[in-house]
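Colleague: Could you take me closely through the strand pairing in this model, one step at a time? I would like to follow it by eye while I read.

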Amino acid sequence: MQFPVSFTDRMQRLLGPQEYPQFLEALQATPPVSVRINKAKAMAVATLQPVPWAETGHYLPERPLFTLDPAIHAGAYYVQEASSMFIEQALKQAVHLEEPLQVLDLCGAPGGKSTHLASLISEDSLLVSNEVIRSRASILAENVAKWGSGNVLVTCNDPRDFGRLKNFFDVMVVDAPCSGEGMFRKDPQAVGEWSEENVKLCAQRQQRILMDVWDSLKPGGLLIYSTCTWNEQENEENIAWLSEQEGAESIKLQLQPEWGVVPTQLSGVEGYRFYPHRVQGEGFFMAVVRKAGIDESFTNHSKSKKKKYKLSEAGKKEKSLVQDWFLQPEKYSFLQYGDVVSALPEHLFEAADEVYQNLYVVYAGTEVAEVKGKKLKPLQGLALSQHINKEAFSTADLDLEQALRYLRKEDISLGTNGNDWVLLQYKGLPLGWAKQIGNRMNNYYPKEWRIRMELPQELLETTIVSE
Ligand SMILES: C[S@@+](CC[C@H](N)C(=O)[O-])C[C@H]1O[C@@H](n2cnc3c(N)ncnc32)[C@H](O)[C@@H]1O
């Protein structure tokens, strides 16, 4: 692969003559494959090598055809590049994760960091996962629903809209759009698109994004900034600029030497760099800063009779019908928009309402059911929820071929009889709903989520997770 001269010149300067050849060699090598396990749903099989800085991160010996593993569709794991999982260290080392937090993932799609954040924060915390591009926000919502934590609002807003939520977030992650140098070996097209001019444009856009959202971070709140590029303009220089403009303190994280992460100090900014010849992962940069000041606001989690809420509670009848469908229904507010009943952890109602008042929400909490006259039709969000009460439903276990046919939205037949909703599972992992009508089974898997590829003649099981 040929790289632009100004890129190679800079990398030689950054790495020095000894290291640079190793870096070049690593750029030509096959990228490692890694996944992050959803521990609320499954465990990694014991043979997988762990990612050293992320508890649920694991490397795979080779890249399987992920589409043909029903477990991925069940939200049991997420395919994520290992370096990106380093945000876990920022959260574990600089945040009191046991406290109820309001967290923003500003550039969220397709959902790697959002699903990771959802696993790291407590059940009492709210994650707002945002993506500015509408089509990408739908993919983000799909991945968030599959992960099934139920305390996430997916929004589709421009960063400047967050100015309306002043001092709202305790933590924000800005995984900024960048010039993508760190993705050169995974995505050779990125090499062709790279230019010095584009680096400059990206750095300017990142500054705009940071300025746009900064006011929505509480005083004392934490910003985790990351890119998948190595140049200083998009990384340390941007954070130095922000700290100077707005008053923020750079946070130093503890690193284990065997991780191979390279710490940098530039203009008073502590940065963490990931180079492919030093870590098993792609190029990545992260820095963490704390906003100056102390948060003196009081977050009121109880509902007020006088306030006009945008969220509306589901009717008594609907609530009574869906109560049993959750393991701990007393913990939820059941809400209704048109025909759709959804569930949100009750103590998040106030904060979620504020988000609804100010932003465009595309997915909230857990979509539970659609009201159909006097009856309710269970929805996909419920099937994939970490909090579903499976006892409330008939379930059926599918083999690999049946599961993949179901996920392709084909008609399947299990030789059963009845007239009821059935939760279909693969190795104990819920995949979605079917409705048994006599000896027929209607497939209710969401059309937009279906597997589009043809199934091969021979199907091989992928073993990444175990129950
Ligand atoms: C590096 S990707 C995010 C990856 C994601 N955090 C993950 O871990 O899966 C950057 C995202 O920023 C979005 N984006 C592009 N322009 C933007 C802008 N001006 N403001 C905010 N986000 C933008 C892109 O659509 C893209 O989804």
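Modeller: Two strands count as paired if DSSP finds at least two bridges between them, and this is the sense in which I use the word below. Please keep in mind throughout that the model is predicted.

With that in hand, begin at the open sheet of four strands whose order is β15-β16-β18-β19, with antiparallel pairing. Its edges are formed by β15 (332-337) and β19 (375-378), each of which pairs on one side only. If direction is ignored, neighbouring strands of this sheet are turned against each other by 30 degrees on average. Inside the order, β16 (residues 340-345) and β18 (residues 366-372) run antiparallel and are joined by four bridges; a useful place to fix your eye is V340, which stands opposite E370 in β18.

A second open sheet, again of four strands, can be read in a similar manner: its order is β3-β4-β1-β5, and the pairing is antiparallel. Here β3 (49-50) and β5 (77-79) stand at the edges, and because each has a single partner strand, one side of each is left without a neighbour in the sheet. Between them, β1 (residues 33-37) and β4 (residues 57-60) pair in the antiparallel sense over four bridges, and in this pair S34 stands opposite Y59 in β4.

The strands of a sheet pair through backbone hydrogen bonds, and they may do so either parallel or antiparallel. For the parallel case, turn to β6 (residues 102-105), from which Q102 and L104 point one way while V103 and D105 point the other way, and all four of these residues are buried. Strand β6 runs parallel to β7 (residues 126-130), to which four bridges join it, and L104 stands opposite V128 in β7. To pass from β6 to β7 the chain goes through helix α4 (residues 112-120), and this β-α-β crossover is right-handed. Strand β6 is also joined, by three bridges, to β9 (residues 169-175), and these two run parallel as well; in that pairing V103 stands opposite V171 in β9.

If you follow β6 on the screen, then, L104 leads you to V128 in β7, whereas V103 leads you to V171 in β9. The side chains of L104 and V103 leave the strand in opposite directions, yet both residues are buried.

Notes. Residues are numbered from 1 along each chain as its sequence is written. This is a predicted model: local features need pLDDT of at least 70, side-chain atom pairs count only at pLDDT 80 or more; totals for chains, interfaces and linings use all residues. A residue is buried if 20 or more other C-beta atoms lie within 10 Å of its own, exposed if 12 or fewer, and partly exposed in between; C-beta atoms are placed from the backbone. A crossover is right-handed if, with the strands pointing away from the viewer, the path from the first strand over the helix to the second runs clockwise. Axes are lines fitted to C-alpha atoms, for helices over the stretch in contact, and angles run from 0 to 180 degrees between N-to-C directions.
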